[in-house]
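Welcome, and take a moment to look over the model below. We will walk through a few of its features together.

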Amino acid sequence: MEWLKTHQNDAILIAALMVLGGMLALFLWFTRQAGGYVSVRIDGEQVMTLPLGEDTQLALGPGDQTNTLVIENGTARVAEAGCPDQICVRQGVIQYEGESIVCLPHKLVVTVEGGRTNDVDATAK
């Protein structure tokens, strides 16, 4: 109890930051948008874009540096990888705009892009 008296301002600041952080997390959670396609980059170069609406399975990369990308039910995931750590496989599915799967050993980046757009061109007064 003595600590609270001497550090009351610190406790208020911590509580305020926690409330603001929670509000920001809720805002981001409720405003996220489902993506329209995935962009596949290998070694910094975009090699293809694939729609999330079409189920696809393909191998990416040369030789033993392959990753199997699976798109199904509007989500994308790396199902298999030839790298030792398998972090890209454990990443799970991505479906919202801005989410990514990265395989550093193979220099592969899969990013969801092209979320819902506003169909309004202009507004009149």
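In the hairpin of β4 and β5, 2 residues sit between the strands, and Asn-73 takes a positive phi near 55°. This is a predicted model, so please read every value here as computed from it. On either side of the turn, strand β4 (residues 67-72) and strand β5 (residues 75-81) pair in the antiparallel sense over 6 bridges. Within this pairing, Ile-71 stands opposite Ala-76 in β5.

The hairpin also brings us to the salt bridges. How many salt bridges are there? The count comes to 2, and the table sets them out.

| Pair | Distance, N to O | Accessibility of one partner | Accessibility of the other |
|---|---|---|---|
| Arg-77 and Glu-72 | 3.5 Å | Arg-77: 29%, partly exposed | Glu-72: 32%, partly exposed |
| Asp-43 and Lys-107 | 3.9 Å | Asp-43: 54%, exposed | Lys-107: 48%, partly exposed |

What does the salt bridge of Asp-43 and Lys-107 tie together? Asp-43 lies in the loop between β1 (37-42) and β2 (45-51), while Lys-107 lies in the loop between β6 (100-103) and β7 (108-113), so the pair links parts that are 64 residues apart in sequence. Asp-43 counts as exposed because its relative accessible area is 54%, and the cut-off for that word is over 50%. Lys-107, at 48%, is partly exposed.

Now to a nonpolar part of the surface. Leu-13, Leu-17, Val-19, Leu-20 and Met-23 form a patch there, with about 510 Å² of accessible area together. One of these residues, Val-19, has its place in helix α2 (residues 8-31).

Definitions and conventions:
Residues are numbered from 1 along each chain as its sequence is written. This is a predicted model: local features need pLDDT of at least 70, side-chain atom pairs count only at pLDDT 80 or more; totals for chains, interfaces and linings use all residues. Side-chain values use heavy atoms; hydrogens and water are left out. Patches are made of residues with over 30% relative accessible area and no salt bridge: like charges are joined within 9 Å, nonpolar side chains (Val, Leu, Ile, Met, Phe, Trp, Tyr) within 5 Å. Accessible areas come from the Shrake-Rupley method with a 1.4 Å probe; for residues, only the protein chains shown count as cover. A salt bridge is a side-chain nitrogen of Lys or Arg within 4 Å of a carboxyl oxygen of Asp or Glu. Helices (H or I, at least four residues) and strands (E, at least two) are DSSP runs, numbered from the N terminus. Two strands pair if DSSP finds at least two bridges between them. Buried means under 20% relative accessible area, exposed over 50%, partly exposed in between (1.4 Å probe, protein chains only).
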